[in-house]
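Please look through the sequence and the model that follow before reading on. The paragraphs after them go from the chain as a whole to its interior, and then to some individual residues.

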Amino acid sequence: MQSFSLFSYISFFFLFTTLSFVKTVLTQDGFCSAPLRIDADSNSQPLYWKVTNPTLSPSHLQDLPGFTRSVYKKDHAFITPESQVFSPLPDWTNTLGAYLITPAIGSHFVMYLAKMQENSKSGLPPSDVERFIFVVQGSAVLTNISGNVHNLKVDSYAYLPPNLDHTVETDAAATLIVFERRYSGLENHVTEQIVGSTDKQPLLETPGEIFELRKLLPTSLAYDFNIHVSSTTCLWLFSPIIYLI
């Protein structure tokens, strides 16, 4: 199985963004002792609120025209929200997209934010392309060609096999992270649609580390990539970062 890795594809290509697959909790004492999971229903900020809010830049630079913390290099990119450019997504209805990574900069997959508005509807990926979606704000309804319906809320995700006719629809505003990749299959191995939630996945063993790690897709040969979600509480992580491991 191949992994989406910001540290291992092409020549160790990696991408740090202010998307929040990492939940960060700061404590007054500066120790990694706060609960690792933030309850989205609590009085705290929504679980992935930094995806749809400006980056936390120093106060004296926030109003500086052209200011950005983003960096693009040959073997890595650091992309922050103020650098994201949204435009209508092809074949999607009432949806704006911001591409964060594409084959044009050397990757073997596409990653973008999809901001769905009221009465929005997704389009289909190209032929033979698999899709993975993760809800970071609002909720959406996933329906496939067989008529199976799933309500996706924040922290929910879905894997859609290549060439599976499906739609994602919203009645109100919602934000998705979308990954698309040309499927590399093996004979006699077939993928299936998967719908899940991060908190339902078991923790992986990470001896000696200060983060929690969860795997979102099966490790069987049919699936040619995987996505891991990492959670940490350390003080030095001031903004969330996404790890595709």
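A residue is called buried when its relative accessible area is under 20%, exposed when that area is over 50%, and partly exposed in between. In this predicted model, buried residues make up 46% of the 245 residues in the protein chain. The protein chain has 15 strands and zero helices, and among its contacts with a separation of 6 or more, 67% are between residues 24 or more positions apart. The surface that the protein chain exposes comes to about 12,500 Å², of which carbon and sulfur atoms supply 54%.

The interior is best entered through the largest nonpolar core, which has 24 residues, and in which Met 111, Phe 132, Phe 134, Tyr 159, Ile 177, Phe 179 and Leu 216 touch the most other members. At least two residues of this core come from each of strand 3 (76-79), strand 5 (93-101), strand 6 (110-121), strand 7 (129-137), strand 10 (156-160) and strand 12 (174-182), and strand 7 gives the most, with three residues. Another core lies apart from this one and has 17 residues, among them Ile 133, Leu 160, Leu 164 and Val 168.

Aromatic rings offer a second view of the interior, and the structure holds seven aromatic pairs. In one of them, the rings of Phe 132 and Phe 179 have their centres 6.1 Å apart and their planes at 55°, so the pair is tilted. This pair links distant parts of the chain, since Phe 132 belongs to strand 7 and Phe 179 to strand 12, 47 residues apart. Phe 132 counts as buried at 0% relative accessibility, and Phe 179 likewise counts as buried, at 1%. The rings of Tyr 159 and Phe 225 also form a tilted pair, with their centres 6.1 Å apart and their planes at 50°. Because Tyr 159 lies in strand 10 and Phe 225 in the loop between strand 14 (211-215) and strand 15 (228-232), the pair ties together parts that are 66 residues apart in sequence, and both Tyr 159 and Phe 225 are buried. Ring pairs also link Phe 109, Phe 132, Tyr 157 and Phe 179 into a cluster.

Which residue's side chain makes a polar contact with that of Tyr 159? The partner is Glu 130, and the polar contact that joins the two side chains is 2.6 Å. Glu 130 has its place in strand 7 and, with a relative accessible area of 1%, is buried. Leaving aside residues up to four places away in sequence, Glu 130 also touches residues including Phe 179, Arg 181 and Phe 225, while Tyr 159, counted in the same way, touches residues including Arg 131, Phe 132, Ile 194 and Leu 217. A charge is found over a ring elsewhere in the model, where the charged end of Lys 115 sits over the ring of Phe 86, 4.5 Å from its centre.

Backbone geometry completes the picture. Most residues other than glycine have a negative phi. Asn 94, however, has a phi near 50°, a positive value; Asn 94 lies in strand 5 and counts as partly exposed, at 44% relative accessibility. Asn 188 has a positive phi as well, near 70°, but the place of Asn 188 is the loop between strand 12 and strand 13 (194-197), where Asn 188 is exposed, with a relative accessible area of 74%.

Key:
Residues numbered from 1 in each chain as written. Predicted model: local features only at pLDDT ≥ 70, side-chain atom pairs only at ≥ 80, totals over all residues. Heavy atoms only, no water. Core = buried A, V, L, I, M, F, W, Y, C linked by side-chain atoms within 4.5 Å. Buried < 20%, exposed > 50% of the residue type's maximum accessible area, 1.4 Å probe, protein only. Helix = DSSP H or I, 4+ residues; strand = E, 2+ residues; numbered from the N terminus. Contact = heavy atoms within 4.5 Å. Areas by Shrake-Rupley, 256 points an atom, 1.4 Å probe, with all protein chains shown as cover. Polar contact = N/O pair within 3.5 Å; in protein donor to acceptor, adjacent residues only side chain to side chain. Phe/Tyr/Trp six-rings, centres within 6.5 Å; stacked < 30°, edge-to-face > 60°. Lys NZ or Arg CZ within 6 Å of the ring centre and 35° of its normal.
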